[in-house]
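Good morning, everyone, and thank you for making the time. I would like to walk through one structure that is probably new to most of you, so please have a look at it before I go on.

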Amino acid sequence: MKEKVIICLHCGNKTSMKVVANHDLMEHEEIWDYSVNYYSPAYITSFFKQWEMYLCPVCTEVTIQRTTSFSEETEPNGNPIKYTDTIFPLGFSENKHLPSPVRDAFEAALKVRNLDGAVCIMALRRTLEKMCKHKNAKGKDLFSKLKDLQSENILPPIMEGISYILRKEGNSAAHADDKEFSSETVKLMIEFTEVILDYVYSLPAKIEKAQLKLNQDVISNEESEL
Ligand SMILES: [Zn+2]
């Protein structure tokens, strides 16, 4: 049985988990080129999806990972590039682009999400503090640092509302000891933080990758035209 070390976002333990269920899906698409052949497709592309459900032996909750690949997107050795992300529970799927202090702080927040909402929200605030430091934001507190990132166009104006809410919830998490945070609030705060991190780190990395790919395609088209 397939087994893998995963951080369980339900209980926070990093532990070896077994696959208890899985499902595969393969879809094909025929690409026709009538200038070459009228009766059969020029080639066939395939899109592969796989879901694996892992069971945490500590808390007996499940984690679902999805792996995808596309036959036209390959490694230099010709094997399709595989992308794996965790789709349940909501958590760190695209965190490979985050600098490690930011990633560590964010993962620490996710680990305690179901244990202590206030601690989780404080850890989310710490995550944003680390991001501000990494981006050399100026300011005396988190709010003015986030504002500074907006004026530098590292964060878009639409983030203002989000960072205001995060700051407000973060302050009450830090100061009002009695306040209980509903799991809905905690979930929302995690989503907000994720949106900000995606915008600052993952999106630029994805765009750069797409541009590289487009440039390569242009070069290889030019070569084939010569
Ligand atoms: Zn667990």
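I will speak about a surface patch, then a threonine, and lastly the cysteines.

Before anything else, please keep in mind that what you see is a predicted model.

Let me begin on the outside, where Trp32, Tyr34, Tyr38 and Tyr39 together make a nonpolar surface patch of about 570 Å². Of these residues, let me pick out Tyr39, which sits in the loop that runs between strand 2 (14–31) and strand 3 (43–55). Tyr39 counts as exposed because its relative accessibility is 74%, and the cut-off for that word is over 50%.

Now to Thr127, which belongs to helix 2, residues 117–134. Is Thr127 buried or exposed? With a relative accessibility of 0%, Thr127 counts as buried. Its side chain reaches the backbone oxygen of Ala123 at 2.7 Å, and a polar atom of that side chain also lies 3.4 Å from the backbone oxygen of Ala105. If we leave aside residues up to four places away in sequence, Thr127 touches Val102, Ala105, Phe106, Thr193 and Leu197.

That brings me to the cysteines, and to the question of how many disulfides there are when we ask for two cysteine sulfur atoms within 2.5 Å. The count comes to zero. Cys120, for instance, is in no disulfide, and the nearest cysteine sulfur, which belongs to Cys8, is 14 Å away. Cys120 is buried, its relative accessible area being 0%, and Cys56 likewise counts as buried, at 0% relative accessibility.

Conventions
Residues are numbered from 1 along each chain as its sequence is written. This is a predicted model: local features need pLDDT of at least 70, side-chain atom pairs count only at pLDDT 80 or more; totals for chains, interfaces and linings use all residues. Side-chain values use heavy atoms; hydrogens and water are left out. Patches are made of residues with over 30% relative accessible area and no salt bridge: like charges are joined within 9 Å, nonpolar side chains (Val, Leu, Ile, Met, Phe, Trp, Tyr) within 5 Å. Accessible areas come from the Shrake-Rupley method with a 1.4 Å probe; for residues, only the protein chains shown count as cover. A salt bridge is a side-chain nitrogen of Lys or Arg within 4 Å of a carboxyl oxygen of Asp or Glu. Helices (H or I, at least four residues) and strands (E, at least two) are DSSP runs, numbered from the N terminus. Buried means under 20% relative accessible area, exposed over 50%, partly exposed in between (1.4 Å probe, protein chains only). A polar contact is a pair of N or O atoms within 3.5 Å; within protein, one must be able to donate a hydrogen and the other to accept it, and residues adjacent in sequence count only if both atoms are side-chain atoms. Contact means heavy atoms within 4.5 Å.
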